[in-house]
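User: I would like to go through this model and ask what the terms used for it rest on.

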Amino acid sequence: MIETKIKQTVRDVNDFPKAGIVFKDITPILKDAGLCREIIEALAAQLSELKIDVVAGIESRGFLFGMSLAHLLNVPFVPIRKAGKLPYKTIQQSYDLEYGSATLEVHEDAILPGQRVLIHDDLLATGGTVVAASRLIEQLGAVVEGYSFIIALAFLNGNERLKVFSPNNFALASY
Ligand code: AMP
């Protein structure tokens with residue numbers, strides 16, 4: 001089962017990037033080509049009932065599988081990046097971190113009004129990052145069709161914050 005394989009392969013790194021955090025390191029997954037293929041196919045299979053026009057991946061680990069997922073779904077990929085990285089005209093959305101805040105950006109012409117967007121990231125924790133990404137999608141007049149993650153830290157209840165944008169929230173492995 002894919003969930004078991006993911007959990008057996010992900011590496012827990014204690015106290016990274018700071019004390020008290022158990023970081024889910026997906027780099028061992030990236031070394032396993034067969035598992036990567038299975039993950040991409042499983043992500044796509046979970047979305048088979050949805051009508052998706054665009055996959056938006058969140059910097060930086062959301063790019064790793066987001067681009068492959070977009071290829072498999074035969075739709076465009078749009079990068080959502082941290083402030084100051086995208087070269088053309090952007091729109092911004094700031095969000096709170098535990099200490100301070102951060103800003104996400106997307107190119108203003110990346111997604112058309114009315115397009116249905118699947119937001120992908122490697123991991124859902126508190127949901128703050130994908131809420132900010134969802135607001136960017138809505139600023140562009142597009143629609144959040146759903147979310148897909150490899151891993152969800154369900155005990156942090158991030159999915160509750162996503163329900164206001166879309167009921168379609170998928171993860172391959174939950175803790
Ligand atoms: P959040 O906004 O709290 O849902 O955090 C999600 C973002 O932070 C994703 O881009 C994750 O890659 C990263 N992240 C948060 N917590 C962890 C963790 N325990 N292990 C790995 N990545 C994490």
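User: What makes the pair formed by an oxygen atom of the ligand and a polar backbone atom of G127 a polar contact?

Analyst: The distance is 2.7 Å. A polar contact is a pair of N or O atoms within 3.5 Å; within protein, one must be able to donate a hydrogen and the other to accept it, and residues adjacent in sequence count only if both atoms are side-chain atoms. The pair at G127 therefore qualifies. An oxygen atom of the ligand also lies 2.5 Å from an N or O atom in the side chain of T126, and one is 3.0 Å from a polar backbone atom of A125. The protein covers 82% of the 490 Å² of accessible area that the ligand has on its own, by the Shrake-Rupley method with a 1.4 Å probe.

User: What do these values come from?

Analyst: The model is predicted: local features need pLDDT of at least 70, side-chain atom pairs count only at pLDDT 80 or more, and totals for chains, interfaces and linings use all residues. Residues are numbered from 1 along each chain as its sequence is written, and side-chain values use heavy atoms, with hydrogens and water left out.

User: Which residues are closest to the ligand?

Analyst: R61, D121, T126, G127 and T129 are the closest of the 13 residues that surround the ligand, where near means that a heavy atom of the residue lies within 4 Å.

User: How do you know that strand 3 and strand 7 pair?

Analyst: Strands are DSSP runs of E, at least two residues, numbered from the N terminus. Two strands pair if DSSP finds at least two bridges between them. Strand 3 (residues 54–58) and strand 7 (residues 116–124) run parallel and are joined by 4 bridges, so they pair. V55 has L118 as its bridge partner in strand 7, and A56 stands opposite I119.

User: How many bridges pair strand 7 with strand 8?

Analyst: There are 8 bridges, in the parallel sense. D121 of strand 7 stands opposite F149 in strand 8.

User: Why are strand 5 and strand 9 called edge strands?

Analyst: The open sheet has 7 strands in the order 5-6-4-3-7-8-9, with mixed pairing. Strand 5 (90–96) and strand 9 (169–174) each pair on one side only.

User: Why is strand 7 called mostly covered?

Analyst: Buried means under 20% relative accessible area (1.4 Å probe, protein chains only). In strand 7, 7 of its 9 residues are buried, so the strand is mostly covered.

Terms used
Buried means under 20% relative accessible area, exposed over 50%, partly exposed in between (1.4 Å probe, protein chains only).
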